[in-house]
Amino acid sequence: MTSPTRRNRCHATHDNQDRPPPPVPQPAFVPANQAQAGPVPRPFAWQPPPHFPHEPLPVGQYPSLPRNAIAQVQCAHRPPVDFNQCLNNQMNAAHNNRHCQCNVRQQQDRDEIRQQVQAELMAAGMQPPQIPQIPDEPIQPAPPAPPMYGPIHYEGTVGPHNFDNPLHYFAPNSAPPLLAPPGPDYHQFNMQFQHHFQEEQMRIRNDLLQRQAQEEFH
């Protein structure tokens with residue numbers, strides 16, 4: 001009875017009959033330190049075909065990571081997809097498409113009705129009304145408004161001449177000074193306070209004299 005190992009060896013020997021023999025190492029007749037003719041062997045790197053729909057994995061950036069880990073890193077660094085925004089964009093595009101198609105159909109219906117009316121008027125010997133031609137020209141933009149505080153003059157680079165006053169460099173043309181509100185009248189306040197102080201002094205003096213007179217009387 002043939003053992004399983006011997007049977008597998010036999011099958012392998014039979015299946016390997018059509019395989020080419022392994023390459024035989026050829027002797028190198030040129031020393032290793034001499035430059036040899038021919039293309040310089042490069043490490044094999046898979047190049048994506050043209051119009052490849054996917055971004056190839058940057059295997060060279062992560063030489064010590066497997067492909068699934070590199071894919072995880074790429075997915076982690078890829079910005080998240082806003083599916084609600086995508087759905088909104090699709091719905092808006094579909095709505096705009098339907099709106100444009102509806103406008104085109106309405107314009108076609110108007111043109112068809114206009115042609116039928118013109119044909120009926122021409123058959124009856126009447127002149128159809130002339131449609132005024134509206135020039136389809138772009139609206140000219142309005143001229144820019146002049147600056148509020150006059151033209152801005154460039155004061156040059158920041159230097160000793162305008163370093164102490166940076167506002168002079170950034171806003172050389174300041175707004176006209178506003179009229180300040182009238183300040184408080186300190187002279188009138190001083191006069192009123194002096195008059196009130198004198199009245200208080202006279203009242204205190206009179207009270208003191210009256211109390212002294214009462215004490216002398218008693």
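**Entry 1: around Arg203**

I started with Arg203, which counts as partly exposed at 44% relative accessibility. A reminder to myself: this is a predicted model.

Which residue does Arg203 meet in a salt bridge at 2.9 Å? I found Glu200 there, with the distance taken from N to O. Arg203 and Glu200 both sit in helix 5, which covers residues 186–217. They are 3 residues apart, about one turn of the helix. Glu200 is partly exposed too, at 29% relative accessibility.

Then I looked the other way along the helix and found that Arg203 also forms a salt bridge with Asp207. Here the closest N and O atoms are 3.6 Å apart. The spacing in helix 5 is 4 residues, again about one helical turn. Asp207 comes out as partly exposed, with 36% relative accessibility. I noted that shared partners link these salt bridges, joining Glu200, Arg203 and Asp207 into one network.

**Entry 2: the other salt bridge**

How many salt bridges are there in total? The count I got is 3. Besides those of Arg203, I looked up the one where the side chains of Arg114 and Asp111 meet, at 3.0 Å from N to O. This pair belongs to helix 3, residues 83–123. Arg114 and Asp111 are 3 residues apart there, so about one helical turn separates them. Are these two buried or exposed? Neither, quite: Arg114 is partly exposed with a relative accessible area of 35%, and Asp111 is partly exposed with 28%.

**Entry 3: rings in helix 5**

Back to helix 5, this time for aromatic side chains. I counted 2 aromatic pairs. One of them is Phe189 with Phe193, whose ring centres are 6.4 Å apart and whose planes meet at 20°, so I wrote it down as stacked. Phe189 and Phe193 lie 4 residues apart in helix 5, about one helical turn. Phe189 counts as exposed at 51% relative accessibility, while Phe193 counts as partly exposed at 49%.

Next I checked Phe193 against Phe197: their ring centres are 6.4 Å apart, and with the planes at 15° this pair is stacked as well. Phe193 and Phe197 are also 4 residues apart in helix 5, about one helical turn. Phe197 is partly exposed, at 40% relative accessibility. I put Phe189, Phe193 and Phe197 down as one aromatic cluster.

**Entry 4: cysteines**

How many disulfides does the structure hold? I found 0. Why does Cys100 have no bond to another cysteine? The closest cysteine sulfur to its own is in Cys102, and at 10.0 Å that is too far for a bond. Cys100 is partly exposed, with a relative accessible area of 45%. I also looked at Cys75, which is partly exposed at 47%.

**Entry 5: stepping back**

Last, I looked at the whole protein. I counted 5 helices and 0 strands, and along the sequence the pattern reads α-α-α-α-α. What share of the 218 residues is buried? My note says 4%. The protein exposes about 21800 Å², with carbon and sulfur atoms supplying 60% of that area. I then took the contacts between residues at least 6 apart in sequence, and 8% of them join residues at least 24 apart.

Key. Residues are numbered from 1 along each chain as its sequence is written. This is a predicted model: local features need pLDDT of at least 70, side-chain atom pairs count only at pLDDT 80 or more; totals for chains, interfaces and linings use all residues. Side-chain values use heavy atoms; hydrogens and water are left out. A salt bridge is a side-chain nitrogen of Lys or Arg within 4 Å of a carboxyl oxygen of Asp or Glu. Helices (H or I, at least four residues) and strands (E, at least two) are DSSP runs, numbered from the N terminus. Buried means under 20% relative accessible area, exposed over 50%, partly exposed in between (1.4 Å probe, protein chains only). A disulfide is a pair of cysteine sulfur atoms within 2.5 Å. Contact means heavy atoms within 4.5 Å. Accessible areas come from the Shrake-Rupley method with a 1.4 Å probe; for residues, only the protein chains shown count as cover. Rings of Phe, Tyr and Trp (its six-membered ring) pair if their centres lie within 6.5 Å; planes under 30 degrees apart count as stacked, over 60 as edge-to-face and the rest as tilted.
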